[in-house]
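This report introduces a structure to a reader who has not met it before. Please keep the sequence and the model in view while reading.

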2 protein chains.
Amino acid sequence: MSNLGLVAISAPTAPCCPPVTAGALTATDAEVMAGMFKALGDPVRLRLFANVASADDGEACVCDIQDVGVSQPTVSHHLKKLREAGLLTSERRGSWVYYRVAPGVLDAMATMLSPTR
Amino acid sequence: MSNLGLVAISAPTAPCCPPVTAGALTATDAEVMAGMFKALGDPVRLRLFANVASADDGEACVCDIQDVGVSQPTVSHHLKKLREAGLLTSERRGSWVYYRVAPGVLDAMATMLSPTR
DNA sequence: ACCCAGATTCGACATGTGTCTATCTTGACA
DNA sequence: TGTCAAGATAGACACATGTCGAATCTGGGT
């Protein structure tokens, strides 16, 4: 009801996601945003995500992060969920697959939770 | 493995939650943190939460925020989930029940998503 | 005392989700 | 070409979750 004009310019990576403090959410915005929170709403996925997010070079091989207490297929399943939610990206190099946090994601989610400023 | 001593002093509101960029999470930390994300991981709940978080006086009556596309008992159910997750508090005044964002919650969650800096 | 409106709880039900074992795919290397 | 290891996929299954209608609870008026 208020913002017109300079909207599309600012957010290059994440196409969404106003702060929750900014006002009511549209159904579609809520869907997208909730999808991201939901992806981090499982302990195993959150640990995997943290393992990637805190990796030395910003990326981590699956083999280095899969020690989270579940079987290898389950790890793969959760990593897929995180990919589908747009939180992680993956790249195969040789025998290994490397995951990294999708660009802009941490900022986007932090923005959703930022006070109205 | 590293922090000893001055733990209990610092965090008065949220008893948890290091940044995901800070390193691997313990199973219990992951459980607590994921619980909060999970609570926001449903579109209806996220809309309710946003309605409360953006309310004028920091609080909102259920009757003012329940226009999120589901039945009234379902609204109540989701508000309960948000309460149980520690994200909202509620107080009855007369006929109405008012909800507000639990103190420190937005900061705590934003911290979890903050870059290591 | 009665009733009414706001809000929660209850019971039921369909759908979604996390987990596993087994199998398949992909690339490296002998 | 054959084999091995890293990961992904498939199928199955128990359990959690979102939703509703009906019943219940809680205060305020009349």
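## A residue at the start: Asn51(B)

Asn51(B) touches Ala24(A), Ile65(B) and Val68(B), leaving aside residues up to four places away in sequence; contact here means heavy atoms within 4.5 Å. The residue is found in helix α2 of chain B, residues 43-53. Helices (H or I, at least four residues) and strands (E, at least two) are DSSP runs, numbered from the N terminus.

Asn51(B) is buried, with a relative accessible area of 17%. Buried means under 20% relative accessible area, exposed over 50%, and partly exposed in between (1.4 Å probe, protein chains only). A polar atom of the Asn51(B) side chain lies 3.4 Å from the backbone oxygen of Ile65(B). A polar contact is a pair of N or O atoms within 3.5 Å; within protein, one must be able to donate a hydrogen and the other to accept it, and residues adjacent in sequence count only if both atoms are side-chain atoms.

## Basis of the model

The model is predicted: local features need pLDDT of at least 70, side-chain atom pairs count only at pLDDT 80 or more, and totals for chains, interfaces and linings use all residues. Residues are numbered from 1 along each chain as its sequence is written, chains are lettered from A and ligands numbered from 1 in the order in which they are written, and side-chain values use heavy atoms, with hydrogens and water left out.

## Helix α2 of chain A

In α2(A), 11 of the 11 residues are buried, so the helix is largely enclosed by the rest of the structure. Among them are Arg45(A), Phe49(A) and Asn51(A). At the N-terminal end, Asp42(A) caps α2(A), with a side-chain oxygen 2.9 Å from the backbone nitrogen of Val44(A).

## The contact between chains A and B

Chain A and chain B each bring 29 residues to their contact. Together they bury about 2500 Å², of which 75% is on carbon and sulfur atoms; buried area is the accessible area (1.4 Å probe) that two parts lose on being put together, summed over both. The interface has 0 salt bridges, a salt bridge being a side-chain nitrogen of Lys or Arg within 4 Å of a carboxyl oxygen of Asp or Glu. Polar contact joins 2 residue pairs between the chains, both at pLDDT 80 or more.

On the side of chain A that touches chain B, α1 (27-39), α2 and α5 (105-112) each supply at least two residues.

## DNA strand C

Around DNA strand C there are 25 residues, and those that come nearest are Lys38(A), His78(A), Gln72(B), Ser76(B) and Tyr99(B). A residue is near a strand if one of its heavy atoms lies within 4 Å of it. Sugar and phosphate make up 75% of the strand C atoms that come within 4 Å of the protein.

Phosphate oxygens of DNA strand C lie 2.5 Å from a side-chain N or O atom of Lys38(A), 3.0 Å from one of Arg45(A) and 2.4 Å from one of His78(A). Helix α4(A) gives the most to the surface near this strand, with 5 residues.

## DNA strand D

DNA strand D is surrounded by 25 residues, the closest being Cys61(A), Ser76(A), Lys38(B), Ser71(B) and His78(B). Polar side-chain atoms lie 2.6 Å from a phosphate oxygen in the case of Lys38(B) and 3.2 Å from a base nitrogen in the case of Gln72(A). The largest share of the surface near strand D, 5 residues, comes from α4(B).
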